[in-house]
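User: I'd like to talk through the enclosed spaces in this one, and how each label is earned. Can we go step by step?

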Amino acid sequence: MTKLKRIAVTSEKGGVGKSTLALNLAGALAEQGKTVLVDEDERIQSCLQWAELAPLPFEVVAPAQVEPALLKGVKYLVVDSEGRPEVEDLLNLAKEFELVLIPCGVSRLEISSTLKLWKRLRAEGTLENVRVVITKSAPVGRMGQEARDALREAGVAVLETVVRRYAAHERAAENGGLVRDVRDPKADDAWQDILGVASEVSQ
């Protein structure tokens, strides 16, 4: 019997690539086993819209469609959560899911905001299942790695993989589908970042 691993992708800030990460992560995990993506971000529903534009190797559903029959044989359930959740909602995600991913950009303000959020969450509950992932880092230079290391030094659990900002992600969002499938010279590089995240979260 397949053991289901539930992964929530959430963020209290917009513009950090939450839905982009959720969709592509589901695609990478689908290479390891049957995967379903639930689009809970009812305000935008990016993932549901993208799924209508291009075929995907996994099913994208609304929360109302999640039922036992849908999850039969599923190895990974990825949830693109509602944007900007309250701290209490984040703590509930940490209790309910095997893993919660919080994307964080590389600017000083984004790092500071993530650190403040982490401290608030840690003061009110357990963070064993919560990980930050650095996103939208410049492809050249070490800003992403420096942001990752700065958060780690402050006691934040951060994935090793840095998701770099490539135009291929924007093209994938425009056309629907995964970043690996767009015609772009950097699509492979962008996909390797996603595979790196998938490798870490599937362990």
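User: What makes α4 the element with the largest share of the lining of the largest cavity?
Analyst: This is a predicted model, and in it α4 gives four residues to that lining, the largest share. Two elements, β5 (99–104) and α4 (108–124), each supply at least two residues there.

User: Why is Glu110 called a lining residue of the largest cavity?
Analyst: A lining residue has an atom within 4 Å of a cavity point, and Glu110 is on the list, along with others including Ser113, Thr114 and Leu117. So Glu110 has an atom within 4 Å of a point of the largest cavity.

User: How do you know that the lining is mixed by class?
Analyst: The split is five nonpolar, four polar and three charged residues. Gly counts as polar and Lys as charged, so Gly105 goes with the polar group and Lys13 with the charged one.

User: Why is the space of about 50 Å³ called a cavity rather than a pocket?
Analyst: In a cavity a 1.4 Å probe fits but cannot get out, while a pocket is open. The space of about 50 Å³ is the second largest cavity, so the probe is shut in there.

User: Which elements give two or more residues to its lining, and what is the class split?
Analyst: They are α1 (18–29) and α6 (167–175). The split is four nonpolar, four polar and no charged residues. Trp50 is in the lining too, and Trp counts as nonpolar, so Trp50 belongs to the nonpolar group.

User: How many cavities make the count at 30 Å³ or more?
Analyst: Three. The largest has a volume of about 70 Å³, so it clears the 30 Å³ cut-off.

Key: Residues numbered from 1 in each chain as written. Predicted model: local features only at pLDDT ≥ 70, side-chain atom pairs only at ≥ 80, totals over all residues. Heavy atoms only, no water. 1 Å grid on protein atoms, 1.4 Å probe; cavity = no way out; pocket = protein on both sides within 12 Å on 5 of 7 lines; lining within 4 Å.
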